[in-house]
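This report is meant for someone meeting the structure for the first time, and it moves from single residues to pairs of side chains and then to empty space. Please keep the sequence and the 3D view at hand while reading.

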Amino acid sequence: MSELLARHRAVMPAWLSLYYDHPIEIAGGKGVRLTDADGDTYLDFFAGILTNMLGYDVAEVREAVERQIATGVVHTSTLYLLRGQVELAEKVARLSGIPDAKVFFTNSGTEANETALLLATCARGSDQVLAMRNSYHGRSYGTVAVTGNRGWKNSSLSPLNVHYLHGTDRDAPAFRAMSDAAYVDACVADLRDVLATATARDVACLIAEPVQGVGGFTMPPPGLLAAYKEVLDEQGVLFVSDEVQTGWGRTGTGFWGYSEHGITPDAITFAKGLGNGFAVGGVVARGDLMDGLTANGVSTFGGNPVAMAAANATLDYVLDHDLQANAARLGPVMLDGLRPLTDTAVVGAVRGKGLMFGVDMVDPESGAPSPELAAAVLEGARRRGLLIGKGGLNGNVLRVAPPLTVDESDVGEARDILVDAVREVASRAG
């Protein structure tokens, strides 16, 4: 065990997990590549959990941050006017598609989702929330309550009355043989049944990820969220789109993950990639919904001048370089290269949307989810110079999500490494 790992284990929580049998310390980065403390270089296709959206050492972001630091002001709180915050809010409001939108900035996706839940429950005067099975919305008390994955829930205690919906469980025996249209119909029928039997009136909201991140990049069929919203609108239930992992063009088909469903949410939460590594999150919502809180509010660190400098530069870069189109163009290159892995006995499914890819690792004999084989592929990819992630309800899904600035040669290299790593594990698994 390395000296740094021993120190980590002595003072950090046991539940703060580390990747790899021999965890690595990242020491430097340039473009889409990282270097560890031992001098080994990696192609990064997990991007700090989809957070380093532009990669590393991006001049436009670095220089914007340096200019702000040079003023001597790195913090003021929201008790004072912040030009960078107003400028970013104007951009996000315009891009959201929400009429008369207003924006509140936070430090993380967890905090953003907490804020959205507060807005919805206050507006509706109800603690009832609908969420999706296999979802993940954060690590705080309220966001854990609406997370539909037991691996991330520490307690049944909750400030909210939560009911979970179907939407990404097409592999369940009840739905396995259904077409997309039949599955959507079944899910909508279930929603109506939940509202009729399990809830009282005045449900506050549905919160949903258009592509479930921690859930293994699982996603509902196109149009399901629109079908859900039609039912919700009948009863005035709000819809919150959790875009912490799907925003800023990553899915390729739209600037937001919800775009594919043909709807406009009442509120959108965002974080991760917007700051390209700097801590920033937020909520954009209808003005009446955002203004509806009756108590005082402030954010000490949310939307601070340095984070706003980084986020403005990052968002400008995404738009100026049309990185959504890059995701749409290169996504199929990766996905088409990974699909043949389903011919092996250890891969149950391959899926993707834009620059988000999931590979389900399964036991070759039983077909059951295999977190052990997923961990083995993670190790094999690292040895070959590629960093990826893992997740899913059973911890058996390889998660691949590179910076949006990757080029075709990066994608080809990563694809070949991952295919080699999976096939090596398949040969050993017999």
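Is Tyr-20 buried or exposed? Tyr-20 is buried, since its relative accessible area is 12%, and buried here means under 20%. The model is a predicted one, and every value below was computed from it.

**Backbone and single residues**

Tyr-20 belongs to the loop between H1 and S1, and although Tyr-20 is not a glycine, its phi is positive, at about 80 degrees. A positive phi is also found at Asp-322, again a residue other than glycine, where the angle is near 45 degrees. Asp-322 sits in the loop between helix H10 (305–320) and helix H11 (323–338), and with a relative accessibility of 44% Asp-322 counts as partly exposed.

The loop between helix H1 (3–11) and strand S1 (26–30) also holds Met-12, which is partly exposed at 37% relative accessibility. On the surface, Met-12 joins Val-11, Trp-15 and Leu-16 in a nonpolar patch, and the accessible area of these residues together is about 470 Å².

Ala-426 is part of helix H13, which covers residues 408–429, and the relative accessible area of Ala-426 is 16%, so this residue is buried. Along the chain Ala-426 and Val-103 are 323 residues apart, and their C-alpha atoms are separated by 48 Å.

**Salt bridges**

How many salt bridges does the count come to? The count comes to 22 salt bridges, and the table lists some of them with the distance from N to O.

| Pair | Distance, N to O |
|---|---|
| Lys-30 and Asp-57 | 2.9 Å |
| Arg-170 and Asp-180 | 2.5 Å |
| Arg-286 and Asp-288 | 2.9 Å |

The side chains of Lys-30 and Asp-57 meet in a salt bridge, and this pair links distant parts of the chain, with Lys-30 in strand S1 and Asp-57, 27 residues apart from it, in the loop between helix H2 (47–50) and helix H3 (59–70). Lys-30 is exposed, with a relative accessible area of 57%, while Asp-57 is partly exposed, with a value of 38%.

Arg-170 forms a salt bridge with Asp-180, and because Arg-170 lies in the loop between strand S6 (161–165) and helix H7 (180–197) while Asp-180 lies in helix H7, the pair ties together parts that are 10 residues apart in sequence. Arg-170 counts as partly exposed at 23% relative accessibility, and Asp-180 is partly exposed as well, with a relative accessible area of 40%.

In the salt bridge between Arg-286 and Asp-288, Arg-286 is partly exposed, with a relative accessible area of 24%, whereas Asp-288 is exposed, with a relative accessible area of 54%. Elsewhere, salt bridges that share partners bring Arg-383, Arg-384, Glu-424 and Arg-428 into one network.

**Pocket and cavity**

Rolling a probe the size of a water molecule over the atoms shows where empty space is left. The second largest pocket contains about 750 Å³ of space. Of the 34 residues that line the second largest pocket, Thr-168, Asp-171, Thr-218, Arg-351 and Asp-360 are the closest to its centre.

Which strand gives the most to the lining of the second largest pocket? Strand S11, made of residues 347–352, gives the most, with three residues. By class, this lining has 13 nonpolar, 13 polar and eight charged residues.

Closed space was looked for as well, and a search of the whole structure finds one cavity of 30 Å³ or more. The volume of the largest cavity is about 50 Å³. Its lining includes Leu-50 and Met-53, together with residues such as Glu-243, Val-244, Gln-245, Thr-246, Gly-247 and Trp-248, and also Arg-250, Lys-272 and Gly-273. Divided by class, the residues that line the largest cavity are four nonpolar, four polar and three charged.

Key:
Residues numbered from 1 in each chain as written. Predicted model: local features only at pLDDT ≥ 70, side-chain atom pairs only at ≥ 80, totals over all residues. Heavy atoms only, no water. 1 Å grid on protein atoms, 1.4 Å probe; cavity = no way out; pocket = protein on both sides within 12 Å on 5 of 7 lines; lining within 4 Å. Points joined across faces, edges and corners; volume = space filled by probe spheres on them. Nonpolar A, V, L, I, M, F, W, Y, C, P; charged D, E, K, R; others polar. Patch = residues over 30% accessible without salt bridge, like charges linked within 9 Å, V, L, I, M, F, W, Y side chains within 5 Å. Areas by Shrake-Rupley, 256 points an atom, 1.4 Å probe, with all protein chains shown as cover. Salt bridge = Lys/Arg side-chain N within 4 Å of Asp/Glu carboxyl O. Helix = DSSP H or I, 4+ residues; strand = E, 2+ residues; numbered from the N terminus. Buried < 20%, exposed > 50% of the residue type's maximum accessible area, 1.4 Å probe, protein only.
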